[in-house]
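Here is a short briefing to read alongside the sequence and the 3D view. Take a look at the chain, and then we can walk through it topic by topic.

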Amino acid sequence: MPVPIRRLIVALTLSCVLIGGATACGGDDSGQDTAAATGPAATPTPSTSAQKQKFAKTRFVANAGLAAGATYQWIVKPWRAGTFKKGAEGRRLALVKAGLAGTFAYNRLKAASKNAEGDPALSRAVAPLAAGIAALKGLPAKLRNGDSTDSVVNSFDDVINQVKAAGRSAGAEVEDKVPSASQLSGG
């Protein structure tokens with residue numbers, strides 16, 4: 001069954017944008033840029049521990065919300081609609097999108113976990129989830145290949161729900177926020 005060229009171009013473009021976003025988001029935060037090396041005035045930092053805690057919760061909520069939104073929009077929702085089943089129309093593209101969304105969600109969950117370290121209550125609530133978040137690392141590739149999609153989707157959904165519950169228990173309510181194309185491509 002031949003695939004129209006227009007569909008191939010759209011799929012290739014979307015894949016490139018999502019891969020670029022996933023790799024842009026996957027950078028290491030340990031390096032300093034040249035602006036930060038020029039002096040203390042170049043990098044504004046909160047001055048009190050209360051401000052640091054507030055910003056930690058805000059960043060946690062933002063990162064966890066993006067992970068939850070991407071997981072729901074491109075992994076859970078298509079799975080519930082039956083798009084991942086063999087023979088379903090649009091299966092291949094849905095699996096590629098889900099794999100890329102999984103990579104993005106894994107990256108944002110790691111960032112949210114790191115953000116939680118800045119707030120004592122949030123840190124205690126999220127700390128037990130570190131192993132669950134780490135277990136998601138290889139799952140996006142399984143989604144792209146169409147391997148055991150039921151267990152992969154359940155793993156992502158479970159970890160997202162645990163992160164939301166941990167945030168709620170620490171006073172940081174997490175709401176799903178579907179990332180925009182610029183967030184996916186720009187990091």
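**The chain at a glance**

Of the 187 residues in the protein chain, 36% are buried, where buried means under 20% relative accessible area, exposed means over 50%, and partly exposed lies in between (1.4 Å probe, protein chains only). Please keep in mind that this is a predicted model, in which local features need pLDDT of at least 70, side-chain atom pairs count only at pLDDT 80 or more, and totals for chains, interfaces and linings use all residues. Residues are numbered from 1 along each chain as its sequence is written, and side-chain values use heavy atoms, with hydrogens and water left out.

**Overall build**

- The protein chain has nine helices and zero strands; both are DSSP runs numbered from the N terminus, with helices being H or I runs of at least four residues and strands E runs of at least two.
- Following the sequence from start to end, you read the pattern α-α-α-α-α-α-α-α-α.
- Among contacts in the protein chain with a separation of 6 or more, 77% join residues 24 or more positions apart; a contact means heavy atoms within 4.5 Å.
- About 10,800 Å² of the protein chain is exposed, and carbon and sulfur atoms supply 56% of that area, as calculated by the Shrake-Rupley method with a 1.4 Å probe, where for residues only the protein chains shown count as cover.

**The nonpolar core**

- In soluble globular proteins, nonpolar side chains tend to be buried together.
- The largest nonpolar core here has 37 residues, and the members that touch the most others are Phe60, Leu109, Leu143, Phe156 and Val163; such a core is a set of buried Ala, Val, Leu, Ile, Met, Phe, Trp, Tyr and Cys residues joined through side-chain atoms within 4.5 Å.
- Two or more residues of this core come from each of α3, α4 (91–116), α5 (120–126), α7 (139–145) and α8 (149–169).
- Helix α4 gives the largest share of this core, ten residues.
- Setting aside neighbours within four places in sequence, Phe156 is in contact with Thr71, Ile75, Gly102, Ala105, Leu136, Leu139, Pro140 and Leu143.

**Helix α8**

- This helix has 21 residues and spans 30 Å from its first C-alpha to its last, close to the 30 Å expected at 1.5 Å a residue; the expected span is 1.5 Å times one less than the number of residues.
- The buried residues of α8 are Thr149, Val152, Val153, Phe156, Val159, Ile160, Val163, Lys164, Ala166 and Gly167.
- Looking down the axis of α8, these buried residues fall within an arc of 165 degrees, so they line one face of the helix; the arc is that of the directions from the helix axis to the C-beta atoms.
- Just after α8 comes Gly171, with a positive phi of about 85 degrees.

**Salt bridges**

- How many salt bridges does a search of the whole structure find? There are two, each defined as a side-chain nitrogen of Lys or Arg within 4 Å of a carboxyl oxygen of Asp or Glu.
- Asp176 pairs with Lys164, and their closest N and O atoms are 2.6 Å apart.
- This pair links distant parts of the chain, twelve residues apart: Asp176 is in the loop between α8 and α9 (181–186), and Lys164 is in helix α8.
- Asp176 is partly exposed because its relative accessible area is 38%, whereas Lys164 is buried at 18%.
- Arg168 pairs with Glu173, with 3.5 Å between the closest N and O atoms.
- Arg168 is partly exposed at 46% relative accessible area, and Glu173 is partly exposed at 44%.

**Three residues to find in the view**

- Val76 sits in helix α3 (residues 49–80) and counts as buried because its relative accessibility is 2%.
- Not counting residues up to four places away in sequence, Val76 touches Thr71, Val153 and Asp157.
- Lys57 is also placed in helix α3, but counts as partly exposed because its relative accessibility is 26%.
- Beyond its neighbours within four places in sequence, Lys57 is in contact with Asp119, Leu122, Ala170, Gly171 and Ala172.
- The C-alpha atoms of Lys57 and Leu122 are 7.5 Å apart, although the two are 65 residues apart along the chain.
- Thr83 lies in the loop between α3 and α4; is Thr83 buried or exposed? Its relative accessibility is 19%, so Thr83 counts as buried.
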